[in-house]
Each structure stands twice: as structure tokens, then as C-alpha cells.
Amino acid sequence: MANESESTLHLKVSEALGKDVGRALARMDPADIQALGAEIGDIVEIVGKSSTVCKAMPAYKEARAASRVQLDGVSRANAGVSLDDAVSVRKVTAQPAQRVDLSPQTIVPTNQDLEYIGSLLDGLPVIRGDLIRAALFGSRSIDFYVRDTVPKGPVVIVPATVLTVGRARGE
């Protein structure tokens, strides 16, 4: 087991795969994951103009070896970066979230939607200030702003996490 090294990689941002949108995945070359002292599924911090957390996953063969990290639009927005920008990536420790306070950005979900949203967000790494997207039935999705987390710092939403949803922004 590698020690919690302070390895930081500088990678260029590429577009994520469509199926990865909203899942907070950082796909990169397995050699880069290893260089971070991380393993597949570990939480990494992505730092651009701001920072966010993602789950480290291997890139597909055709996207490897180019010193790149594949991020979806939501993760890029959270890190304050665009395609081809350089970001710093390092392994971080994330606690299981006891509570995550969310503020809906568009529509206020129904109680039925909320139960479903909880299951969609299971396993998602977040930090305060992140925007997260839950894809609902059909093509509907709801974006949430992460107002606060307990404990503070990087957390992972787990089945036991209490999700509280406040008013929509602007209300």
C-alpha cells in the first residue's frame, strides 16, 4: 500500500464520455493514477481556478498516455476550467458524508424525486460549493449546489447520508 504521498500531477483537461456526465469521474491513464499513489475509485482533488473532487478511474485505451484527465462539464465547472486547460490532480482522503445540504438550482424536486435522487447520488464525491447533477426520469435532470457538508472537506455520499434540500436559489 502506497503511503499518502503529496504527489501532484499536472494534466490537461479532455472531454468526458457521455455516460460519465454527472458522475464526478476523473478518467486518466492508470500509470497516472499509480503515480498519485492512488488506486481506482480513490478520491482525487482537481484544482483549476477553484477545486472539486472526483473519483479516479482508468481512461479507455485510446485516451491514455497523453497526460490528460477526462472531466465532464459539471466537474469542469466546479474546478473552474475549460477543455485543454491544465489542472493539478492529487489524491485526497474523503470521509463518508453524514449530512449534505443541497440547494436546487432549477426546479424543486418532489418527495418521490428526492428518494430517487438519494439513490442516484450514492457514491458521489462532493465538497462544499460543488454543483451536482441528478438525472431524473426521461431527460429531466436537477442541478444542486452543495451548501454544506458534515464533516467538512471532501466527502462521499453514502446510503446513510442525510440529504437536506433547501429552497431553490433566488427564492
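Let me open with a question: leaving aside its neighbours within four places in sequence, which residues is T149 in contact with? Keep that one in mind while I say that what you see is a predicted model.

Now the reply. Setting aside anything within four places in sequence, T149 is in contact with R99, V100, V126, R128 and V155. T149 itself sits in strand β11. Its relative accessible area is 1%, so T149 is classed as buried, the limit for that being under 20%. There is a polar partner too: a polar atom of the T149 side chain lies 2.9 Å from the backbone oxygen of P151.

Let's move to the cores. The largest nonpolar core has 18 residues. Those with the most contacts inside it are A26, M28, V44, I46 and V89. Where do they come from? The elements that give two or more residues to this core are β1 (8–15), β2 (25–28), β3 (43–47), β4 (51–58), β5 (68–71) and β6 (86–91). Of these, β1 gives the most, with three residues.

If you want one residue to click on, try V44. Not counting residues up to four places away in sequence, V44 touches A26, M28, L36, T52, V53, C54, A56, V89, R90, K91 and V92. Apart from the largest core lies another one, of 16 residues, with I117, L121, V126 and F144 among them. You have met V126 already, as one of the contacts of T149.

On to the charges. How many salt bridges does the count come to? The count comes to 10, and I'll walk you through three of them.

The first on my list pairs R27 with D20, and the closest N and O atoms are 2.5 Å apart. Are these two residues buried or exposed? R27 is buried, with a relative accessible area of 7%, and D20 is buried as well, at 2%. 

Next, R90 forms a salt bridge with E45, with 2.9 Å between the closest N and O atoms. This pair links distant parts of the chain, since R90 is in strand β6 and E45 in strand β3, 45 residues apart. R90 counts as partly exposed at 28% relative accessibility, while E45 counts as buried at 16%. R90 is also on the list of residues that V44 touches.

Then we come back to the region we started in. The side chains of R128 and D148 meet in a salt bridge, at 3.9 Å from N to O. R128 lies in the loop between β9 (125–126) and β10, and D148 is in strand β11, so the pair ties together parts that are 20 residues apart in sequence. R128 is exposed, with a relative accessible area of 58%, whereas D148 is buried at 18%. Remember that R128 is a contact of T149 too.

One more word on charges: salt bridges that share partners join D20, R23 and R27 into one network.

Let me turn to the loop between β10 and β11, with two residues to compare. L136 lies in that loop, and at 5% relative accessibility L136 counts as buried. Leaving aside neighbours within four places in sequence, L136 is in contact with D113, Y116, I117, S141 and I142. I117 is a member of the 16-residue core. For a sense of distance, the C-alpha atoms of L136 and V13 are separated by 27 Å, and these two residues are 123 apart along the chain.

F137 is placed in the loop between β10 (131–135) and β11 (141–150) as well. Here the relative accessible area is 42%, so F137 falls into the partly exposed class, between the 20% and 50% limits. What does F137 make together with Y116 and L120? The three make a nonpolar surface patch of about 250 Å². Y116 appears among the contacts of L136, too.

Last stop, N78, which is in helix α2 (residues 73–79). N78 is buried, with a relative accessible area of 10%. Not counting residues up to four places away in sequence, N78 touches S50, S51, T52, G129, D130 and L131. T52 is a residue that V44 touches as well.

That's my tour, and I'm happy to take questions.

How values were computed. Residues numbered from 1 in each chain as written. Predicted model: local features only at pLDDT ≥ 70, side-chain atom pairs only at ≥ 80, totals over all residues. Heavy atoms only, no water. Patch = residues over 30% accessible without salt bridge, like charges linked within 9 Å, V, L, I, M, F, W, Y side chains within 5 Å. Areas by Shrake-Rupley, 256 points an atom, 1.4 Å probe, with all protein chains shown as cover. Salt bridge = Lys/Arg side-chain N within 4 Å of Asp/Glu carboxyl O. Helix = DSSP H or I, 4+ residues; strand = E, 2+ residues; numbered from the N terminus. Buried < 20%, exposed > 50% of the residue type's maximum accessible area, 1.4 Å probe, protein only. Core = buried A, V, L, I, M, F, W, Y, C linked by side-chain atoms within 4.5 Å. Contact = heavy atoms within 4.5 Å. Polar contact = N/O pair within 3.5 Å; in protein donor to acceptor, adjacent residues only side chain to side chain.
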